[in-house]
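Dear colleague,

Please find below the structure I agreed to hand over, followed by a short account of what was found in it.

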2 protein chains.
Amino acid sequence: MKKSIPPHALLYPNPVLVVCTYDANGKANAATLAWGGIASSEPPAISIALQKPRYTYDALTSRKAFTVNLVPAKYAAEADYFGIASGRDADKFAVTGLTPVKSAVVDAPYIAEFPYALECEVIHALDLGRHTLFIGEVKGTVVEDGTEALWGGDIISWNAATREYFAQGTAVANAFEAGLRFVK
Amino acid sequence: MKKSIPPHALLYPNPVLVVCTYDANGKANAATLAWGGIASSEPPAISIALQKPRYTYDALTSRKAFTVNLVPAKYAAEADYFGIASGRDADKFAVTGLTPVKSAVVDAPYIAEFPYALECEVIHALDLGRHTLFIGEVKGTVVEDGTEALWGGDIISWNAATREYFAQGTAVANAFEAGLRFVK
């Protein structure tokens, strides 16, 4: 039996998105978000939701560029720190020892040690209330050489109910195949 | 060493979102998408990306309402079918034997057998090219009584690299805790 509860914007799983930008002084910053997703295929675009008080907000509105870096399990603590600390108070790359690399295609850095980054240009900023939804057109993708086939295998997700990061579990079904038994 | 590849809109993990609507004749339909995410907290809102040729597109633009139903592992095949078949050709609820229930707060049905649904009203439709990004304000949430604490535990995700649905794996770190070791 279903019951109604107050409106919640809860989806599972949520990605762990480390968004990297340059601030007004050119300092590289990294901020972790869980609210975003793929928005379009052609042009390729993604969405990320950000509150106005966050340090990254100003970088997105002034430089109009960011990268999204996906997090392998061994860097869960670094990604968690990127969500706890603010670039106003800390040089997060110096603190964690990770390396910002200037993107060749957008005005933003990506993280050398992470396996995979999307290089994005802001094409829309939709003010929804507490959050602004930024749409980034993906202008380039960088991957660690040789890891393309592993995409997703080692990338963590975020579960808001348990407040934990999770590894991917076991496969339960093949897509575009499991459902064929219902096709007449 | 990183290498550049063509722009990709690939994030991991992707949710499995079963979007339910009524068509022009009032027939309940269910369509599975993987491209969407949380967009805002206040008001609570989510985004879903849809191509114009999809049957659900017309329902979203005319009725301006939908529900998002998250998929427990035991219904992976039904969700897969909802992504394979079109509501133009099939009565997907009749075929799968699942039950559409009219939402009390928006003009769309949710799935009785799934544990959790967001009831949404379309507040923005952003044409990005091949996809339109619909922003749905969450007007209500229905959950199976007694399952709130389990949110996420049994919900599947989608991995575009392997084309498989995955169960949630094991926790690798506690959020807002693992990163504290970097805080001075």
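In this predicted model, Gly169(B) is the residue of chain B that comes closest to the rotation axis, its C-alpha lying at 1.7 Å. The axis relates the two copies as follows: a turn of 180 degrees, with a shift of 0.0 Å along the axis, lays chain B on chain A with an RMSD of 0.0 Å. This is the relation of a two-fold axis. Both copies use the same surface, as 100% of the contact residues of chain B recur in chain A.

Glu164(B) belongs to strand 13 of chain B, which comprises residues 164–174. Glu164(B) counts as buried because 21 C-beta neighbours lie inside 10 Å, the threshold being 20 or more. Apart from neighbours within four places in sequence, Glu164(B) is in contact with Asn159(B) and, in chain A, with Ala171(A), Ala173(A), Asn174(A) and Ala175(A).

Turning to chain A, helix 1 spans residues 55–63, and Thr56(A), Ala59(A) and Leu60(A) are buried in it. These residues cover an arc of only 100 degrees around the axis and therefore lie on the same side of helix 1 of chain A. In general, an α-helix has 3.6 residues a turn, so residues three or four places apart point the same way. The buried residues of helix 1 of chain A pack against several strands of chain A, including strand 3 (17–22), strand 6 (44–51) and strand 11 (131–144). Just after helix 1 of chain A, Lys64(A) adopts a positive phi of about 55 degrees.

With kind regards

Terms used: Residues are numbered from 1 along each chain as its sequence is written. Chains are lettered from A and ligands numbered from 1 in the order in which they are written. This is a predicted model: local features need pLDDT of at least 70, side-chain atom pairs count only at pLDDT 80 or more; totals for chains, interfaces and linings use all residues. Helices (H or I, at least four residues) and strands (E, at least two) are DSSP runs, numbered from the N terminus. A residue is buried if 20 or more other C-beta atoms lie within 10 Å of its own, exposed if 12 or fewer, and partly exposed in between; C-beta atoms are placed from the backbone. Two residues are in contact if their C-beta atoms, placed from the backbone, lie within 7 Å. The arc is that of the directions from the helix axis to the C-beta atoms. Copies are superposed by least squares on the C-alpha atoms of residues with pLDDT of at least 70 in both.
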